[in-house]
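I opened this model to look up its sheets, a pocket and its salt bridges. My notes are below, in the order in which I went through them.

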Amino acid sequence: MKSRRSFLAGLAAASLAPLRGWSAVGAPDYLAAALFPDGTFRLAGLDMGGDILFSLPLPARGHAAAAHPHHAQAVAFARRPGTFAIVIDCATGTQAAVLEAPRGRHFYGHGVFSTDGTRLFTTENNFETGQGVIGVWNTDGYTRIREFASGGVGPHDMRLMPDGRTLVVANGGIETHPETGRTKLNLPVMQPRLTFLDQNGKVLEQVELPQKLHKNSIRHLAVRPDGLIGFAMQWQGDTSQHPPLLGLHRRGEKPLLLRAPDADQSTLQGYAGSIAFSGAGETVAITCPRGNAVHRFRVADGQLDGVFLHEDVCGLGTASNGFVFTTGTGVIGQLSTNKAQISNRADCQWDNHLIPIRTAA
């Protein structure tokens with residue numbers, strides 16, 4: 001693992017002014033938060049082979065991050081109900097700015113940049129009203145411009161659609177309040193939904209689950225280049241039930257819900273962590289850390305294509321030949337069509353997500 005000191009020394013030895021693009025930090029493929037053995041929470045940049053290209057400190061536990069589309073800059077978000085987001089200049093290892101959620105708001109741990117990188121959108125909770133909010137920040141100084149309704153309760157993950165204009169929000173449906181910590185306040189009446197918004201907050205489309213699945217919280221998202229959306233869910237109902245934890249949706253159509261046979265589905269304890277499409281887009285997978293499993297499905301027919309068992313597996317990202325995954329035990333691995341292979345072992349505990357950096361800059 002490269003330390004921050006050796007990483008920065010390498011930059012100085014190059015006799016070049018630090019570049020602003022991601023190539024300046026070794027062109028990482030993913031961002032991931034982790035707890036390191038010295039007790040610090042850090043944001044790391046990983047390449048496809050599992051090497052850690054940099055790791056930079058956070059003030060507390062992070063959840064996910066957003067990668068700037070052009071500059072070597074990342075925003076690391078606090079885990080719910082945290083109120084901080086740290087803007088990190090990954091090329092220098094310095095803190096560029098601190099975002100503080102406005103009074104009466106907290107972050108949900110996710111955000112996304114506009115295509116041109118001039119705005120950052122953040123998922124937030126207006127905990128006095130119980131309604132979801134999307135915060136809008138000007139990245140020139142990271143000042144807050146405005147906010148608009150997320151179209152539901154508990155907006156967790158959010159992605160930018162391939163058209164570069166539309167936001168898709170995973171409104172998980174769960175109301176919380178910082179005074180009660182992570183307690184879920186509205187389970188009997190929760191209503192998860194996918195919401196499509198333009199970047200001014202206009203609702204373009206709402207997608208809801210069948211009523212019998214109203215306790216299936218939509219949590220995390222993946223978007224294929226052609227606009228197909230995958231969403232991972234977390235069941236808040238009767239633990240003796242084992243509902244689908246993976247859905248696919250194309251705008252204008254009904255969602256398709258996928259599940260494994262009972263023998264496999266029942267081991268997941270109603271919890272899906274991360275979700276990703278394979279590099280070719282022919283398969284989609286979810287991680288299930290409580291069941292120590294990855295479930296992979298064929299997109300074409302929705303059938304289970306494989307179950308792979310790994311202790312405390314949760315982070316998942318797209319790879320050219322399948323998927324990259326991380327675990328809470330420090331493993332970084334690759335999952336191809338026929339096998340799983342450990343690429344690296346880090347002396348840290350990886351958190352929930354692998355955030356892709358889709359730029360060659």
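The entries start with the ground rules and then go element by element.

**Ground rules.** I am working on a predicted model, where local features need pLDDT of at least 70 and side-chain atom pairs count only at pLDDT 80 or more, while totals for chains, interfaces and linings use all residues. Residues are numbered from 1 along each chain as its sequence is written, and side-chain values use heavy atoms, with hydrogens and water left out.

**Entry 1, the sheet that starts with β4.** I take helices (H or I, at least four residues) and strands (E, at least two) as DSSP runs, numbered from the N terminus. Two strands count as paired if DSSP finds at least two bridges between them. On that basis I find an open, antiparallel sheet of four strands in the order β4-β5-β6-β7. β4 and β7 (94-100) are the edges; each has a single partner strand, so one side of each has no neighbour in the sheet. Neighbouring strands here are turned by 25 degrees against each other on average, direction ignored. For such angles, axes are lines fitted to C-alpha atoms, for helices over the stretch in contact, and angles run from 0 to 180 degrees between N-to-C directions.

I then followed β4 itself. β4 pairs with β5 (residues 73-78) in the antiparallel sense over four bridges, and a hairpin of five residues connects the two strands. Gly62 sits opposite Ala78 of β5. Is β4 buried or exposed? Six of its six residues are buried, so β4 is largely enclosed by the rest of the structure. Buried means under 20% relative accessible area, exposed over 50%, and partly exposed in between (1.4 Å probe, protein chains only).

**Entry 2, the sheet that starts with β16.** A further open sheet has four strands in the order β16-β17-β18-β19, again with antiparallel pairing. Its edge strands, β16 (216-223) and β19 (256-258), each pair on one side only. The average turn between neighbouring strands of this sheet is 30 degrees, direction ignored. Inside it, four bridges join β17 (residues 229-235) to β18 (residues 246-249). I noted Ile229 with its bridge partner His249 in β18.

**Entry 3, the second largest pocket.** I looked up its volume, which is about 690 Å³. A pocket is searched for on a 1 Å grid over the protein atoms alone: it is an open set of points, as against a cavity, where a 1.4 Å probe fits but cannot get out, and it has protein on both sides within 12 Å along at least five of seven lines; lining residues have an atom within 4 Å of a point. Grid points are joined across faces, edges and corners, and the volume is the space filled by probe spheres set on the points.

Which of the 34 lining residues are closest to the centre? They are Arg61, Arg79, Tyr271, Arg290 and Asn352. The strands β1 (30-35), β16, β17 and β28 (349-350) each supply at least two lining residues. I recorded the lining as 10 nonpolar, 15 polar and nine charged. Here Ala, Val, Leu, Ile, Met, Phe, Trp, Tyr, Cys and Pro count as nonpolar, Asp, Glu, Lys and Arg as charged, and the others, Gly among them, as polar.

**Entry 4, salt bridges.** The search of the whole structure gave 14, a salt bridge being a side-chain nitrogen of Lys or Arg within 4 Å of a carboxyl oxygen of Asp or Glu.

Arg61 came up again, now bridged to Asp351 with the closest N and O atoms 2.8 Å apart. Arg61 is in the loop between β3 (52-58) and β4 (62-67) and Asp351 in the loop between β28 and β29 (355-356), so the pair ties together parts 290 residues apart in sequence. Arg61 is partly exposed at 32%, whereas Asp351 is buried at 10%.

I also noted Arg296 with Asp305, at 3.1 Å between the closest N and O atoms. Arg296 is buried at 3%, and Asp305 is partly exposed at 28%. Arg259 bridges to Asp262 at 3.0 Å between the closest N and O atoms; Arg259 is partly exposed at 31% and Asp262 is exposed at 54%. Finally, Arg105, Glu124, Arg144 and Glu147 are linked in a network of salt bridges.
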